[in-house]
Amino acid sequence: MFYQIWAALFYLYGILLNSIYQCPEFSQLTTQGVDGKEFPEPHLGRWYFIAGAAPTKEELATFDPVDNIVFNMASGSAPTQLQLRATIRTKNGLCVPRKWIYHLTEGSTDLRTEGRPDMKTKLFSSSCPGGIMLKESGQGYQRFLLYNRSPHPPEKCVEEFQSLTSCLDSKAFLLTPRNQEACALSSD
């Protein structure tokens with residue numbers, strides 16, 4: 001009986017703590033985008049990769065050699081496609097171009113990466129001006145990525161991203177240095 005009373009008290013204490021220390025709200029983007037414009041139009045154009053967070057360092061290891069990454073998102077050849085071009089500036093100064101195609105999921109902002117059927121990308125709004133957050137997941141990994149229209153967003157944006165992702169069980173955090181000039185995006 002004594003054990004049951006203590007168990008009940010700890011249970012109630014847990015509920016109280018959970019109600020006080022909840023993760024901040026973040027919302028998935030809808031197909032009705034910014035200013036009434038249909039997704040993906042408000043999200044086309046240039047983006048800078050700012051930070052990443054994941055449950056483990058291994059899920060962010062691909063970004064370890066990166067100084068900065070600049071992306072350009074454009075409409076694809078079909079209405080359900082987005083073309084993404086990126087240029088990665090490595091810490092040793094090299095520029096590495098990349099490109100891939102996202103396939104839009106009808107009625108949603110979920111994205112599927114062509115050639116990577118296991119990879120799923122969800123887009124979320126960010127409280128940071130000019131910012132967006134992605135959640136990538138696939139076989140054996142899950143990570144959150146922060147992008148911004150500016151290569152150097154306010155520090156508060158990064159702090160909020162780190163706080164939110166920490167609350168969502170991301171123990172590893174990576175901030176791109178962005179010390180070098182971004183590489184030019186290829187037109188191809």
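**Exercise 1. A salt bridge of Lys 171**

With which residue does Lys 171 form a salt bridge, and how far apart are the closest N and O atoms?

*Solution.* The model is predicted, and the values below are computed from it.
Step 1. Take the partner: Lys 171 forms a salt bridge with Asp 169, and the closest N and O atoms are 3.7 Å apart.
Step 2. Check the cut-off: a salt bridge requires a side-chain nitrogen of Lys or Arg within 4 Å of a carboxyl oxygen of Asp or Glu.
Step 3. Classify Lys 171: its relative accessible area is 66%. Exposed means over 50%, so Lys 171 is exposed.
Step 4. Place Asp 169: this residue is found in the loop between helix 2 (155–167) and strand 9. Asp 169 has a positive phi of about 70°, although it is not a glycine.

**Exercise 2. The other salt bridges**

How many salt bridges does the structure hold? Describe those that involve Glu 160 and Arg 143.

*Solution.*
Step 1. The structure holds three salt bridges, one of them being the pair of Lys 171 and Asp 169.
Step 2. In another, the side chains of Glu 160 and Lys 156 meet at 3.3 Å, N to O. Both residues lie in helix 2, four residues apart, or about one turn of the helix.
Step 3. Accessibility for this pair: Glu 160, at 30%, counts as partly exposed, and Lys 156, at 55%, counts as exposed.
Step 4. The side chains of Arg 143 and Glu 136 also meet in a salt bridge, at 2.8 Å, N to O. Both Arg 143 and Glu 136 are buried.

**Exercise 3. The surroundings of Arg 143**

Is Arg 143 buried or exposed? List what its side chain reaches.

*Solution.*
Step 1. Locate the residue: Arg 143 is in strand 8.
Step 2. Apply the cut-off: buried means under 20% relative accessible area. Arg 143 has 11% relative accessibility and therefore counts as buried.
Step 3. Polar partners: one contact, of 2.8 Å, joins its side chain to that of Glu 136. The side chain of Arg 143 also reaches the backbone oxygen of Glu 59, at 2.9 Å.
Step 4. Wider contacts: beyond neighbours within four places in sequence, Arg 143 is in contact with residues including Ala 53, Ala 54, Leu 60, Thr 62, Phe 63 and Leu 134.

**Exercise 4. The sides of helix 2**

Where do the buried residues of helix 2 lie around the axis? Check the length of the helix as well.

*Solution.*
Step 1. Length: at 1.5 Å a residue, the 13 residues should span 18 Å, and the end C-alpha atoms are 19 Å apart, which agrees.
Step 2. Buried set: the buried residues of helix 2 are Cys 157, Val 158, Phe 161, Leu 164 and Thr 165.
Step 3. Arc: these residues cover an arc of only 130° around the axis, so they are on the same side of helix 2.
Step 4. Other side: Glu 155 and Lys 156 are exposed there.
Step 5. Cover: strand 1, strand 7, strand 8 and strand 9 are included in what covers the buried residues of helix 2.
Step 6. End of the helix: the positive phi of Asp 169, about 70°, comes just after helix 2.

**Exercise 5. The nonpolar cores**

Which residues of the largest nonpolar core touch the most other members? Identify the strands that supply the core.

*Solution.*
Step 1. The largest nonpolar core has 23 residues, and those touching the most other members are Phe 49, Phe 63, Ile 69, Phe 71, Leu 134 and Tyr 147.
Step 2. At least two residues of this core come from each of strand 1 (45–54), strand 2 (66–75), strand 3 (81–90), strand 4 (95–104), strand 7 (131–138), strand 8 (141–148) and strand 9 (172–175).
Step 3. Another core, of 13 residues, lies apart from this one; among its members are Tyr 48, Met 133, Val 158 and Leu 185.
Step 4. Take Phe 71 as an example. Outside its neighbours within four places in sequence, its contacts include Trp 47, Phe 49, Leu 84, Trp 100, Tyr 147 and Leu 185.

**Exercise 6. Two further residues**

Where is Arg 178 placed, and in which strand is Ile 132?

*Solution.*
Step 1. Arg 178 is in the segment after strand 9. Its phi is positive, about 50°, although Arg 178 is not a glycine.
Step 2. With 13% relative accessibility, Arg 178 counts as buried.
Step 3. Ile 132 is in strand 7 and is buried, with a relative accessible area of 5%.
Step 4. Ile 132 and Phe 49 are 83 residues apart in sequence, and their C-alpha atoms are 9.9 Å apart in space.

Terms used
Residues are numbered from 1 along each chain as its sequence is written. This is a predicted model: local features need pLDDT of at least 70, side-chain atom pairs count only at pLDDT 80 or more; totals for chains, interfaces and linings use all residues. Side-chain values use heavy atoms; hydrogens and water are left out. A nonpolar core is a set of buried Ala, Val, Leu, Ile, Met, Phe, Trp, Tyr and Cys residues joined through side-chain atoms within 4.5 Å. Buried means under 20% relative accessible area, exposed over 50%, partly exposed in between (1.4 Å probe, protein chains only). Contact means heavy atoms within 4.5 Å. A polar contact is a pair of N or O atoms within 3.5 Å; within protein, one must be able to donate a hydrogen and the other to accept it, and residues adjacent in sequence count only if both atoms are side-chain atoms. The expected span of a helix is 1.5 Å times one less than its number of residues. The arc is that of the directions from the helix axis to the C-beta atoms.
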